[in-house]
Number of protein chains: 2
Amino acid sequence: MSDARRYAILAPGAFDDTRAKTAHGVIAYAEDETVAVVDPEHAGKRVRDVLPYLASDAPIVARVAQTLPFRPTSLLVGVAPPGGALPQAWRGEIVAALDAGLEVVSGLHQTLGDDPEFSLAAKRGGTTIWDVRIPPQVPLFSGRAYDVAARVVLTVGSDCAVGKMTVALELVKAARARSIRARFVATGQTGIVIAGSGIAIDRVISDFASGAAETLVVEAARDAELILVEGQGGINHPAFAAVTLALVYGCAPDALVLVHDSARRTVHGFPTPLLSYRQLIRTYEGLCAGVKPARVAGIALNTRNLDEASARTAIERARDETGLPADDVVRFGPQALYDAMAPAFAAKTHALGAWAER
Amino acid sequence: MSDARRYAILAPGAFDDTRAKTAHGVIAYAEDETVAVVDPEHAGKRVRDVLPYLASDAPIVARVAQTLPFRPTSLLVGVAPPGGALPQAWRGEIVAALDAGLEVVSGLHQTLGDDPEFSLAAKRGGTTIWDVRIPPQVPLFSGRAYDVAARVVLTVGSDCAVGKMTVALELVKAARARSIRARFVATGQTGIVIAGSGIAIDRVISDFASGAAETLVVEAARDAELILVEGQGGINHPAFAAVTLALVYGCAPDALVLVHDSARRTVHGFPTPLLSYRQLIRTYEGLCAGVKPARVAGIALNTRNLDEASARTAIERARDETGLPADDVVRFGPQALYDAMAPAFAAKTHALGAWAER
């Protein structure tokens, strides 16, 4: 991990909407501090004036140049431009940041480091560009993950974009509140910016996707006793389940946490119906049973689309249907669910075959 | 598909061993003719003198130059060099082929088209280099595969390297013998060379692996009524199952054929025990049931490591344990198993959700 960053966040015209979710995630969860936000539409306000739940006093300014008095180390490009291509005005702001010696951190699909104008500016400013989606070279899965002493927990979902990253981050907070050396492992772009490291598994060549997950777990295990890995996709998502399974096998988890958005009925982008809790548990546990057993320790529900009474009903139903602890870790805090699952997080499981006998 | 090739095959010092399996596959199954083999150790013989089961009279010569009287269009580099790097002697032979205007087709990990010496020689010879492992750009999975009229059958395995490609090829032969317009879809390097087209799914970025499988099926469906797709990996292989699942969802199969090597006890490269027939069927069918139902239509056993009596016993046991047709399509020919499975290959299944109601 690099030293702590001090972020200026570039989110022109978008800081208050969901396109800025990487920006919001960094402010809410990163250990790196956000010292200023660039969004002309809210210039003069503070972050908490626009998004109270983020509880940050960081100023919002109109231009990158105005962030410099707050001594940022890095400019985060956390918003995808409408239509995909970078507007000229944004390009100028990114060049200004590089010329001022700021590192540029980008979660965009397009690789900024390959852009001649940006790479030249980075050279001029004596700084670097970190395209967080570009994966490093990783080895094939080898089984090294079976040997880590840390306990590994993977969040798995009923679908993509249900809150698997947030649940992993909240459970790390709860574990640390119990004095456990817990660490979050990022597998997608927002998580990588929050954590300051990680690999976008969906961008790894499929043969190496399990190996990428294993590499992350082995590295995280060096200084953690409990590892919470951000899952991806969903096991019956026709487009993305391969990434899901790469994580389920590659992380070699000891336990799973099932994450579900109570408003979701079909998988993201397709009419494919979600599986029921019991089908999901049977499928994920069934796959693990053939390689390295892991049980679902509990259910983390995302109830943001429900009022509080309905949320409590949904949580109760999840408990009834599965016999497992269930809660919404954002709405009601992560501690109760963490404490209920902690016994299930306490033990290592073993890979099948000769590994089990070593 | 390109016009038919006439292959010279470069297999120095290796034509008689399993490192030349791509070469053997092309001779046995490709519609493209093999006109000569380059292997100094067997120069002067014919293919059938070295490998009788290939039943080919193609001459074996010592140098690429000696293949030219047989009018090859292409040189196939079908053997991985020991240690990985191309020996200098092979490089000279490849350059000689390019200078003579032969296309060079390579299944090697290293990309020959990127090599300055080879790309220069290709330009000189007015020819091209086809690195079959390099995948094309493909879209994300979209559901187009749900709309093809052709029936899609995927071979799935108890493990990788059990014979999934061979089974798909043999079943295509059997289907054609029954006047079915059947087509083989290749997903790995040897299959791609045999078919003259295909995508090495394990080299596709994981987010796009399902989309690559779908692209292949949609293309093949244009001129086929039955499509046999070469599966990859195995569903409990800790390193490669992500590729397996990308095919299971991306091909949108109507039926599966389970392939197993009767000598295999643990998955390739790991001590992980193979799943039983019933576990395999439950796992593959269970995954399909959540997206687009598909049943296992039969079991194709690879009994090459058994004597004939033991092979018949193993086949009988597979039938008893599963209630499904079972046979070794290489040892006993594909027709009996094909005919037994044909009723299961006769109908389309439908994706779950709104697709089912269209």
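Okay, one bit of vocabulary before we start: two residues are in contact if their C-beta atoms, placed from the backbone, lie within 7 Å. Keep that in your head, since I'll lean on it a lot. And please remember that what we're looking at is a predicted model.

Let's start with one helix, H8 of chain B, which runs over residues 241-250. Is H8(B) mostly covered or mostly open? Mostly covered: ten of its ten residues are buried. If you want to click along, the buried ones run from B:Ala241, B:Ala242 and B:Val243 through B:Thr244, B:Leu245 and B:Ala246 to B:Leu247, B:Val248, B:Tyr249 and B:Gly250.

So what does the covering? Part of it comes from chain B itself, including strand E7 (151-157), helix H7 (209-220), strand E9 (226-229) and helix H9 (277-289). But chain A joins in too, with its own helix H7 (209-220) and helix H8 (241-250) among the covering elements. Right after H8(B) you'll find B:Ala252, which takes a positive phi of about 50°.

That brings us to how the two chains meet. On each side we have 39 residues: 39 of chain A are in contact with 39 of chain B. Which elements of chain A supply at least two residues each to that side? They are H7, H8, helix H9 (277-289) and helix H12 (354-357). H8(A) has the largest share, six residues. Sorted by class, the side of chain A that touches chain B has 24 nonpolar, twelve polar and three charged residues.

Now, how are the copies arranged? In general, two copies of a chain are related by a rotation about an axis and a shift along it. Here, a turn of 180° and a shift of 0.1 Å along the axis lay chain A on chain B with an RMSD of 0.1 Å. That's the relation of a two-fold axis. Both copies use the same surface, too: 100% of the contact residues of chain A recur in chain B.

Next, the inside. As background, nonpolar side chains tend to be buried together in soluble globular proteins. The largest nonpolar core in this model has 261 residues. The ones with the most contacts inside that core are A:Val217, A:Ile227, B:Val217 and B:Ile227. Take B:Ile227: leaving aside neighbours within four places in sequence, its contacts include B:Val152, B:Val153, B:Val185 and B:Val217. Also on that list are B:Ala150, B:Ala220, B:Ala221 and, yes, an arginine, B:Arg183.

Over in chain A, have a look at A:Val172, in helix H5 (residues 164-177). Why does A:Val172 count as buried? Because A:Val172 has 24 C-beta neighbours inside 10 Å, and 20 is enough for that label. Leaving out neighbours within four places in sequence, A:Val172 touches A:Ala182, A:Arg183, A:Phe184 and A:Leu228. A:Gln88, on the other hand, is 40 Å away from A:Val172, C-alpha to C-alpha, with the two positions 84 residues apart in sequence.

Let's zoom out to domains. Chain A is divided into domain 1 (6-131) and domain 2 (144-357). Their C-alpha centres lie 30 Å apart. Where they touch, ten residues come from domain 1 of chain A and six from domain 2 of chain A. Helix H1 (residues 21-29) gives the most on the domain 1 side, with five residues. By class, that domain 1 side has five nonpolar, three polar and two charged residues.

There's also an open sheet of six strands in chain A, with parallel pairing and the order E3-E2-E1-E4-E5-E6. Its edge strands are E3 (60-61) and E6 (129-131), each pairing on one side only. As for E4 (residues 74-77) and E5 (residues 103-106), they pair in the parallel sense over four bridges. One example is A:Val77, whose bridge partner in E5(A) is A:Ser106.

Last stop: some odd backbone angles. Most residues other than glycine have a negative phi, and most peptide bonds are trans. A:Ala161 has a positive phi, near 55°, and lies in the loop between strand E7 (151-157) and H5 of chain A. A:Ala161 is partly exposed, with 18 other C-beta atoms within 10 Å. B:Ala55 also has a positive phi, about 50°, and is found in the loop between helix H2 (47-50) and strand E3 (60-61) of chain B. B:Ala55 counts as exposed, with 10 C-beta neighbours inside 10 Å.

That's my tour, thanks!

Note on methods: Residues numbered from 1 in each chain as written. Chains lettered and ligands numbered in written order. Predicted model: local features only at pLDDT ≥ 70, side-chain atom pairs only at ≥ 80, totals over all residues. Domains from an automatic or database assignment. Nonpolar A, V, L, I, M, F, W, Y, C, P; charged D, E, K, R; others polar. Least-squares fit on C-alpha atoms with pLDDT ≥ 70 in both. Buried ≥ 20, exposed ≤ 12 C-beta atoms within 10 Å, placed from the backbone. Core = buried A, V, L, I, M, F, W, Y, C linked by C-beta atoms within 7 Å. Pairing = 2+ DSSP bridges.
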